Amino acid sequence: MDAEPKIFMNSLWQTLTLATIPLHQWRRTSYLYHLVGLLQRWRRSSWLMQWGDELGFCLLALVFGLAPFVPNALIGLLLFACGGYWALLTLSDETESPTIANRNGLTPIHLLILLYWGIATVATAVSPVKMAAFAGWSKLTLYLTAFALMARILRSPRWRSYLITVYLHISLIVSVYGIRQWIFGANALATWVDPESPLAKTTRVYSFLGNPNLLAGYLLPAIALSVAAIFAWRGWMPKLLAGVMAGINTACLVLTFSRGGWIGLVISMFVLFVLLMYWWSIRWPQPWRSLAIPTLLGGLAVFVFLAVMLVDPLRDRVFSIFAGRGDSSNNFRLNVWAAVIEMIRDRPILGIGPGNTAFNKIYPLFQRPRFNALSAYCILLEISVETGFVGLCAFLWLLTVIFNQGWVQLQRLRQLGSREGFWLMAAIATMAGMLGHGLVDTVWYRPEVSTLWWLMVAIIASYYTVPPRPESLAMPAALAS
């Protein structure tokens, strides 16, 4: 009797997460997919397109190599180039050879992203500020097409490792400059701390990004990936470099004094360490498997408690989280959230359309006096106000599919003992941390951070295998129980 409900729940989970969707049948019946291969004859005769993946990697490396140092307009131009190049690669794909039938990397994640993009398109069409929403829709389209290129190129372990290495070296430069600001001082470019707080004169580093909260969001993936690199890179020198990167990136993030960044760091490190213990537990005897997670939780709790109690600036900043409206930053967010909730109530189904330009057109009609805002300062509220509850449901469904795919592929790589599993664990942990940070901040929508979010999604999507093994499709044990 107990087996039947479990089988039903597993079947329901597989359907919800699109784990068993026959993508090959969808490709045969999709009108859009019929465009694939339209230019394949031209590609066969093109000398330049023989280096298709190499050129795609160069474009992506430019995006992540220049993002912290150049204006957003240039990042947008590079993203446009990435999207156009992805379209060119897709239209010129070979379709006859069964060995490259999934060369473009189509996954269930792609289908949910396409669904969300479709909802955002409809929200743009019915927006009360259509031109402003179209600007936001254009930015969203750039990010999603860049994701498509990344998911395709990163299917190669070599290019995946190279692109992560590019980002880690750039983040090291950013962190070193941030620590230099802490040592020699830096002028605050905005009111980042309550002037009545004991930390009012504390230096909050921002490096090349101009904002400590933005810097914290930028460094979150670097910390998880550099920890993963300690185990993924071969040789003692690369491992030592990865350890140095992890330490410097973590120190720089802490010195941003970004409370949202700290929340994201704690979440991402917790998730990463849990996944690492799961990865290694396959070789452990049973008593150690049972004690691993409680020991990890206890160790992390003691470390965080001692850090908060012994470091005065850290203690003051953490305690300000619980100050309610007594802290100016908290009070600002509470007033913005109240206004945004009224905006959602006004247009609950499809929202006002994507992008901060549309938000800035509508928000003044609902804002509290003296509380101007560029966004909702919360991912879930932002998605709800932009695309309504329909878009929010699609986004939550997308997250479910992404994390399930990550879990499924992690099980497969764990059985194989592949080092590639460390990058996958880092991507999963980073996404959890970025979501935690994004619940209380607005940096998730800045190009420097948003491109990293879609890089993490692309890393997870790049591990997708066709078809997945039946035993790996079961619901995660924690959910099944």
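**Figure 1. A salt bridge between E420 and R160 in the predicted model.** In this predicted model, the side chains of E420 and R160 form a salt bridge, with 2.5 Å between the closest N and O atoms. E420 belongs to helix α17 (residues 420-438) and R160 to helix α8 (residues 157-184), so the pair ties together parts that are 260 residues apart in sequence. E420 has a relative accessibility of 19% and therefore counts as buried, the cut-off being under 20%. R160 also counts as buried, because its relative accessibility is 2%. A search of the whole structure gives three salt bridges; the other pairs are shown in Figures 2 and 3.

**Figure 2. A salt bridge between D441 and R333.** The side chains of D441 and R333 meet at an N to O distance of 3.5 Å. D441 is in the loop between α17 and α18 (447-462), while R333 is in helix α14 (residues 328-346), so this salt bridge ties together parts that are 108 residues apart in sequence. Both residues, D441 and R333, are buried.

**Figure 3. A salt bridge between E342 and R368.** Here the N to O distance between the side chains of E342 and R368 is 3.2 Å. The pair links distant parts of the chain, 26 residues apart: E342 lies in helix α14, and R368 lies in the loop between α15 (356-362) and α16 (379-416). E342 counts as partly exposed because its relative accessibility is 30%. R368, at 25% relative accessibility, likewise counts as partly exposed.

**Figure 4. Arginine side chains over aromatic rings.** R158 lies over the face of W159, and its distance from the ring centre is 4.2 Å. In a second view, the ring of Y278 has the charged end of R414 over it, 4.0 Å from the ring centre.

**Figure 5. An aromatic cluster that includes Y116 and F395.** One cluster of aromatic residues is formed by Y116, F395, W444, Y445 and W453. Over the whole structure, a search finds 22 aromatic pairs.

**Figure 6. Surroundings of T145 in helix α7.** T145 is part of helix α7, which covers residues 130-153. The side chain of T145 reaches the backbone oxygen of T141, at a distance of 2.9 Å. Apart from neighbours within four places in sequence, T145 is in contact with G83 and W86. With a relative accessibility of 18%, T145 counts as buried.

**Figure 7. Surroundings of V271 in helix α11.** V271 is found in helix α11, made up of residues 259-280. When neighbours within four places in sequence are left aside, the contacts of V271 are I428, A429 and A432. The C-alpha atom of V271 is 9.9 Å from that of A224, a residue 47 positions away along the chain.

**Figure 8. Two cysteines, C58 and C252.** C252 has a relative accessibility of 0% and therefore counts as buried. C58, in contrast, counts as partly exposed, because its relative accessibility is 44%. The structure holds zero disulfides.

Terms used: Residues numbered from 1 in each chain as written. Predicted model: local features only at pLDDT ≥ 70, side-chain atom pairs only at ≥ 80, totals over all residues. Heavy atoms only, no water. Phe/Tyr/Trp six-rings, centres within 6.5 Å; stacked < 30°, edge-to-face > 60°. Lys NZ or Arg CZ within 6 Å of the ring centre and 35° of its normal. Disulfide = S-S within 2.5 Å. Buried < 20%, exposed > 50% of the residue type's maximum accessible area, 1.4 Å probe, protein only. Helix = DSSP H or I, 4+ residues; strand = E, 2+ residues; numbered from the N terminus. Polar contact = N/O pair within 3.5 Å; in protein donor to acceptor, adjacent residues only side chain to side chain. Contact = heavy atoms within 4.5 Å. Salt bridge = Lys/Arg side-chain N within 4 Å of Asp/Glu carboxyl O.
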